Structures are given as C-alpha cells and as structure tokens.
Amino acid sequence: MPKDAPFVYVSDMFDSSTLSISWTAIPEEHAMGRLLGYHVMYTPVKKADKPLKENVGVTTITVDNLHTRLKGLESFTSYMIWVAGFTARGDGIASSRVTGG
C-alpha cells in the first residue's frame, strides 16, 4: 500500500460526456512495494447546479499511467474525482477529492 497520495488535475471536458484528468506519480520510495497502477474513482454530485439527493454509487477504473479520460458521463453534471495508487497489498492513500464536469 503506497503511503503517499497523488495530486489530481482536471484537465478539461473533451466533449459533453468525456472529462480528461491527470495526476502526479507516487514516488517509488513511497510506493511500499511495486506500484501496479492507480484506481480512479468518481461519482456524480450535482446535476444542472442542483445537488443530487439520491445515493449514487462510486465508479472505479484501473489505470497504469498518469492520465485518463472518464467517458460516458452525463451532460450538465459535476463529478467528484479522486485517485489512489495500489500495490499487491491494496490501495494507498487517496488524493484530495476534486470536482470536474
């Protein structure tokens, strides 16, 4: 489990349903083992400037580089996004949560 968190950057909306994000690498000395990749987690939090009232789930994707595009997002919706590195022992410390969309 890495003992350091990446820093997430929301790059831009690629189109109305795709958001580009990137994050900083976890230094090798903080990986606490062989870093296998990153878990990118996101959940919708606001649609058309109105907070979502229903309990929505978290989507997790696995990435082995420092950027990805979140595809299939809903238009006019803001998403909370965070990233954690992982090793064979599990997820490390998650990044701060950022909003995009």
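# Close-up views of an all-strand chain

**Figure 1. The whole chain, read from start to end, follows the pattern β-β-β-β-β-β-β-β-β.** Welcome to this predicted model. The protein chain holds 9 strands and 0 helices. Its radius of gyration is 14 Å, close to the 13 Å that the globule rule gives for 101 residues, so the chain is as compact as a globular protein of that length. Along its principal axes, the C-alpha trace spans about 40 × 25 × 20 Å.

**Figure 2. This view turns to the surface and the contacts of the chain as a whole.** Of the 101 residues, 36% count as buried. The accessible surface comes to about 6,100 Å², and carbon and sulfur atoms contribute 52% of that area. Among contacts with a separation of 6 or more, 63% are between residues 24 or more positions apart. As for charge, there are 10 positive and 10 negative side chains, and the centres of these two sets lie 5 Å apart.

**Figure 3. T68 sits in strand β6, which covers residues 67-70.** Is this threonine buried or exposed? T68 counts as buried because its relative accessibility is 16%, under the 20% cut-off. Looking beyond residues up to four places away in sequence, you will find T68 touching L19, S20, I21, W23, V40, I61 and V63. Take a moment to find T68 in the model, then look for these partners around it, including W23 and V40.

**Figure 4. E74 and K47 join their side chains in a salt bridge.** A search of the whole structure finds 1 salt bridge, with a distance of 2.8 Å from N to O between E74 and K47. The pair links distant parts of the chain: E74 belongs to the loop between β6 and β7 (77-87), while K47 belongs to strand β3, and 27 residues separate them. How accessible are the two partners? E74 is partly exposed, with a relative accessible area of 44%. K47 also counts as partly exposed, at 35% relative accessibility.

**Figure 5. L36 lies in the loop between β2 (18-23) and β3 (37-47).** This leucine counts as partly exposed, at 36% relative accessibility. Setting aside residues up to four places away in sequence, L36 touches D64, F86, T87 and A88. G90 makes a helpful second landmark here: L36 and G90 are 54 residues apart in sequence, yet their C-alpha atoms are 9.7 Å apart in space.

**Figure 6. P27 is another residue in the loop between β2 and β3.** P27 is partly exposed, and its relative accessible area is 28%. Which distance can you trace from here? From C-alpha to C-alpha, P27 and A5 are 9.5 Å apart in space, with their positions 22 residues apart in sequence.

**Figure 7. R97 is placed in the loop between β8 (90-91) and β9 (98-100).** With a relative accessible area of 54%, R97 is exposed, as the cut-off for that class is over 50%. Which residues does R97 contact, leaving aside its neighbours within four places in sequence? They are M80, I81 and W82. To place R97 against another part of the chain, look for M41: these two residues are 56 residues apart along the chain, and 9.5 Å separates their C-alpha atoms.

**Figure 8. M32 and F76 come together in this legend for their backbone angles.** Most residues other than glycine have a negative phi. What is the phi of M32 near? The value is near 55°, a positive phi in a residue other than glycine. M32 is found in the loop between β2 and β3, where it is partly exposed with a relative accessible area of 41%. F76 also has a positive phi without being glycine, with a value near 60°. You can find F76 in the loop between β6 and β7. At 73% relative accessibility, F76 counts as exposed.

Technical notes. Residues are numbered from 1 along each chain as its sequence is written. This is a predicted model: local features need pLDDT of at least 70, side-chain atom pairs count only at pLDDT 80 or more; totals for chains, interfaces and linings use all residues. Side-chain values use heavy atoms; hydrogens and water are left out. Helices (H or I, at least four residues) and strands (E, at least two) are DSSP runs, numbered from the N terminus. Buried means under 20% relative accessible area, exposed over 50%, partly exposed in between (1.4 Å probe, protein chains only). Contact means heavy atoms within 4.5 Å. A salt bridge is a side-chain nitrogen of Lys or Arg within 4 Å of a carboxyl oxygen of Asp or Glu. The radius of gyration is taken over C-alpha atoms; the globule rule is 2.2 Å times the number of residues to the power 0.38. Accessible areas come from the Shrake-Rupley method with a 1.4 Å probe; for residues, only the protein chains shown count as cover. Lys and Arg count as positive and Asp and Glu as negative; His and the chain ends are not counted. The place of a charge is taken as NZ of Lys, CZ of Arg, CG of Asp or CD of Glu.
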